[in-house]
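Here are a few short exercises to work through with the model open beside you. Try each task before you read its solution.

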Amino acid sequence: MSESTATALESLGHSTLAVARPLAKELAIEAEGVSYWYGEGEARSQVLFDNTLEIGRGEVVIMTGPSGSGKTTLLTLIGALRRMQQGSLKVLGQDVSALSQTGAVELRKSIGFIFQSHNLFSSLTALENVRMATALRPAPVATMNERSIHLLEQLGLGERLDHLPAQLSGGQRQRVAIARALVNRPALVLADEPTAALDAESGQTVLGLLRRMADGMERTTVLIVTHDQRVIDHADRVVNMIGGHIVSNSLTRMTVRITRALAGSEVLKGLSEATLTKIASVMTVETHPPGETIVQEGESGDRYYLIGSGVAEVFKGGAFQEELYFGEGFGTISSFFKRPVPHSVRAKTELELYVINQQDFERVLTTDKSFENRVRSLLMALNPPQ
Ligand SMILES: Nc1ncnc2c1ncn2[C@@H]1O[C@H](COP(=O)(O)OP(=O)(O)O)[C@@H](O)[C@H]1O
Ligand SMILES: [Mg+2]
């Protein structure tokens with residue numbers, strides 16, 4: 001075991017929050033029905049509406065959305081920087097609404113915050129600012145010193161270790177703040193516009209670093225608020241927030257794969273790349289073990305599934321009908337197609353499925369004419385006028 005691995009294990013062992021309870025699906029963040037209001041009395045106004053979000057350990061998730069849509073508010077709730085008002089929220093296995101003051105302080109120790117106002121100590125050098133954050137850790141001083149230097153080097157500040165904040169550019173100060181947030185190897189990183197003050201190259205460096213932390217042994221979970229399109233390449237998922245509502249939640253690395261699967265679908269053949277991508281961007285990914293029944297004949301369906309990998313078996317009236325493969329779909333949105341699920345479908349092998357739910361389906365319909373036309377003609381074929 002390398003020295004740095006040993007240190008990482010040791011520091012994880014001490015930040016017990018991250019490992020105290022093995023998480024069932026290893027979720028780092030579980031938010032359900034989260035609403036939030038600012039102000040009191042007449043001035044009270046709601047800025048978050050019934051938001052649900054699950055983020056798995058080791059995921060890099062990007063949150064986008066117009067200014068004022070509630071991104072920072074949600075981030076500060078997740079970071080236990082603000083009291084929960086409504087809904088439930090679990091972060092690193094801790095129930096945030098039930099946390100005491102000290103509980104919140106403990107939880108925050110497992111979180112690396114990268115916020116816009118970075119508040120470096122003006123009388124301390126870049127290195128000292130980073131090392132400060134390690135002061136209360138049980139790890140040996142020399143180790144933490146080395147780690148601080150290494151991190152600053154990785155962020156392109158190897159030549160600036162002894163500079164005071166006043167001697168650094170805005171982008172360099174931001175990178176010092178990022179090093180400070182990451183030096184204790186937090187289980188969760190919450191970043192609000194971390195690349196806003198950075199040039200393109202440093203932005204990529206920072207995102208590359210976060211991606212490696214997520215993919216590495218510690219499986220750091222990363223939630224980043226950003227408008228930076230280039231950042232999306234490093235993400236697993238994009239959560240879009242509008243007017244206090246999470247309106248979509250899709251797996252970006254997957255979007256390309258999903259688009260390919262959609263393009264292979266008989267039903268959608270011939271639709272433009274743009275339309276397919278639009279549909280793909282609202283689809284989410286599920287995996288099902290062999291033997292699991294995914295939809296049941298005759299039930300009311302609210303999801304449409306497309307196979308990304310694996311083999312599914314179709315049954316009607318209990319009798320086997322056929323196998324389904326990559327690009328083939330099943331299930332139905334009963335409210336729209338005016339019929340129940342026409343077949344039972346079971347996973348024969350492990351299945352990766354791309355799923356669109358009723359709400360997202362209807363939203364894409366209203367925003368894309370060619371998809372709407374395609375679906376209308378399908379509808380006609382399924383329910384011919386008498
Ligand atoms: N401290 C505050 N007091 C009152 N209203 C606030 C406060 N902070 C934010 N808001 C309002 O809440 C809404 C969401 O803000 P915010 O979470 O900062 O959105 P975003 O980060 O997406 O720009 C906005 O309408 C904003 O004006
Ligand atoms: Mg904000």
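**Exercise 1. Find what share of the protein's residues count as buried.**
Of the 386 residues in the protein, 38% count as buried; a residue is buried if 20 or more other C-beta atoms, placed from the backbone, lie within 10 Å of its own. This is a predicted model, in which local features need pLDDT of at least 70, side-chain atom pairs count only at pLDDT 80 or more, and totals for chains, interfaces and linings use all residues. Residues are numbered from 1 along each chain as its sequence is written, while chains are lettered from A and ligands numbered from 1 in the order in which they are written.

**Exercise 2. Sort the side chains of strand β9 by face.**
Start with the strand itself, residues 237-242 (strands are DSSP runs of E, at least two residues, and helices runs of H or I, at least four, numbered from the N terminus). Next, take one face: Arg237, Val239 and Met241 point there and are buried. Finally, Val238, Asn240 and Ile242 point to the other face and are not buried. In a regular strand the side chains alternate between the two faces of the sheet.

**Exercise 3. Identify the strands that pair with β9.**
Strands pair if DSSP finds at least two bridges between them.
- Step one: β3 (residues 60-64) pairs with β9 in the parallel sense over four bridges, and Ile62 stands opposite Val238.
- Step two: β10 (residues 245-250) runs antiparallel to β9, joined by five bridges; here Val238 stands opposite Ser250.
- Step three: the hairpin of β9 and β10 has two residues between the strands, and Gly243 takes a positive phi near 50°.

Notes: A residue is buried if 20 or more other C-beta atoms lie within 10 Å of its own, exposed if 12 or fewer, and partly exposed in between; C-beta atoms are placed from the backbone.
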